[in-house]
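Me: I should like to learn how to read a protein–DNA surface and a chain–chain interface. Could you take me through an example?

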Number of protein chains: 2
Amino acid sequence: MTEQSAPTTAAGGSTARGEQTRQLILDTAMRLFRERGYARTTMRAVAQEAGVAVGNAYYYFDSKEHLVQEFYAGTQREHREAAAPVLARERDFAPRLAGVLHAGIDVLSPYHAFAGAFFKTAAEPTSPLSPFSAESSAPRDMSIALFREALTGSTAKLDAELREALPELLWLGYMGVVLYWVHDRSDGQVKTRQLIDGVVPLVDRLVGLSRLRVLRPVTRQALALIHTLRH
Amino acid sequence: MTEQSAPTTAAGGSTARGEQTRQLILDTAMRLFRERGYARTTMRAVAQEAGVAVGNAYYYFDSKEHLVQEFYAGTQREHREAAAPVLARERDFAPRLAGVLHAGIDVLSPYHAFAGAFFKTAAEPTSPLSPFSAESSAPRDMSIALFREALTGSTAKLDAELREALPELLWLGYMGVVLYWVHDRSDGQVKTRQLIDGVVPLVDRLVGLSRLRVLRPVTRQALALIHTLRH
DNA sequence: CCCTTGATTTGAACACGTTCAAGAAAGGCG
DNA sequence: CGCCTTTCTTGAACGTGTTCAAATCAAGGG
């Protein structure tokens with residue numbers, strides 16, 4: 001509805017007058033989120049620390065939650081970069097998948113304390129911040145592409161139809177891992193690392209087994225279900 | 001911290017003085033949630049419609065979100081009742097599981113419009129309302145018990161260790177179904193019903209296959225992982 | 001140089017969730 | 001009945017996210 005109020009987000013080389021102000025506010029907000037957490041960071045504090053009026057922050061960002069969406073888009077890029085080395089090095093599916101998953105958690109780590117607040121808004125279906133929403137389709141597709149690359153760049157052999165559908169399933173699994181990570185209270189979120197290291201061999205094994213005669217019907221049935229649900 | 005302010009929630013036959021006031025406020029809130037949705041229902045409106053002061057609502061409920069927790073506990077009971085007939089009638093695992101899942105969605109149906117707000121708070125790990133939190137362990141355990149009954153009351157044959165761990169996994173899957181349902185925009189949430197009807201035969205099939213020689217290692221590996229993560 | 005137009009910036013004002021000091025009502029006890 | 005303690009009830013006040021009419025600034029055009 002009120003979408004055209006702020007300058008284009010995606011414009012790369014734009015040098016509009018307020019661009020630095022926008023960046024200043026964003027940087028300040030991210031710093032305060034890290035330092036104090038999401039809930040204890042007030043918009044007034046962000047404005048004050050950035051040296052602008054509170055209304056000015058709302059000129060560039062529709063809401064406090066939209067500040068978080070910028071963070072979301074940012075980690076997407078970082079995730080890709082962090083995963084690149086492993087994807088360049090490894091050829092087997094398992095280490096490639098593990099690399100991508102670990103890279104994702106690596107990137108998120110500094111924000112573990114306030115990631116709860118982030119996922120809180122993400123869970124709301126009506127919110128444009130939901131990872132399933134249409135508004136989030138760009139970063140989501142980029143993330144899915146990352147998992148597709150982990151798969152297609154590997155030596156894994158699998159059914160063509162499964163190869164098509166798997167990246168999205170892997171992304172869904174990644175969302176599950178992140179959800180686990182958000183709730184992970186262990187030191188340095190070690191448990192999440194264990195989850196990744198434990199689940200990757202399983203997935204790898206199942207993908208390999210999916211071509212077996214006994215499992216073929218199950219695979220087809222599952223793929224048919226996904227197809228049905230997609231529309 | 002401020003836990004002892006309100007009268008016992010779980011007390012069944014308690015006839016404390018304010019019990020009717022408490023119920024009045026709760027009923028009013030639930031009605032307004034259904035009518036206007038969660039966000040557009042203000043605490044002032046709840047208080048006014050219930051004919052009490054706003055502070056009085058906070059005497060019985062620690063926060064607006066805690067009103068939702070009551071709803072959570074309530075649906076738990078209804079779920080059990082709604083699933084009872086199917087569990088009494090069917091003996092095969094698949095229809096029993098399908099029955100329990102459909103019953104859960106049946107009970108939730110009237111609240112689909114504001115269920116998003118419910119899951120929003122549920123996703124926050126620090127919130128006592130999270131289905132994974134210690135505070136929610138009572139309703140969670142009841143829900144898991146329901147899935148355990150669906151399994152143990154059936155004729156399904158399976159590995160002892162898997163039989164032990166499966167109910168919790170089924171509950172986790174149920175959480176996934178509910179998450180899908182929350183995001184389900186199809187008419188009458190038909191898609192969710194299709195998801196249930198499609199996924200149940202798959203689970204049933206996999207449970208049966210889990211005793212096969214080829215799958216035995218995978219099963220054990222998965223169970224070991226779960227055991228590791230549990231502590 | 002002044003005027004116009006649009007982009008930016010301001011801070012007071014609003015609505016909401018929540019808190020709290022103060023009071024009212026209900027028992028219990030002599 | 002009078003007094004005390006506990007339970008309940010009140011509504012003003014606080015802090016927060018958000019809005020908005022007005023002020024300021026930048027850049028051209030005349």
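Reply: Please bear in mind that this is a predicted model. Let us begin with a single polar contact: a backbone N or O atom of Met43(A) lies 2.9 Å from a phosphate oxygen of DNA strand D.

Me: Which part of DNA strand D does the side chain of Arg44(A) approach?

Reply: One reads such a contact by the kind of atom on each side. An N or O atom in the side chain of Arg44(A) is 2.8 Å from a base oxygen of DNA strand D. For Asn56(B), a side-chain N or O atom is 3.3 Å from a sugar or linking oxygen of that strand.

Me: How many residues surround DNA strand D, and which helix gives the largest share?

Reply: Here one counts residues, then groups them by element. DNA strand D is surrounded by 21 residues, Arg44(A), Tyr58(A), Lys64(A), Ala53(B) and Tyr60(B) being the closest. H3(B) provides the largest share, 5 residues. By class, this surface has 8 nonpolar, 8 polar and 5 charged residues. Of the strand's atoms within 4 Å of the protein, 62% belong to sugar or phosphate.

Me: What area is buried between chain B and chain A, and how many salt bridges are counted there?

Reply: Area and polar pairs are read together. About 3200 Å² is buried between the two chains, with carbon and sulfur atoms giving 68% of it. The count of salt bridges is 0, while 4 residue pairs are in polar contact across the interface, both residues at pLDDT 80 or more. On the chain B side, H9(B) gives the most, with 10 residues. That side comprises 21 nonpolar, 9 polar and 6 charged residues.

Terms used. Residues numbered from 1 in each chain as written. Chains lettered and ligands numbered in written order. Predicted model: local features only at pLDDT ≥ 70, side-chain atom pairs only at ≥ 80, totals over all residues. Heavy atoms only, no water. Near = heavy atom within 4 Å. Polar contact = N/O pair within 3.5 Å; in protein donor to acceptor, adjacent residues only side chain to side chain. Helix = DSSP H or I, 4+ residues; strand = E, 2+ residues; numbered from the N terminus. Nonpolar A, V, L, I, M, F, W, Y, C, P; charged D, E, K, R; others polar. Buried area = accessible area lost by both parts, 1.4 Å probe. Salt bridge = Lys/Arg side-chain N within 4 Å of Asp/Glu carboxyl O.
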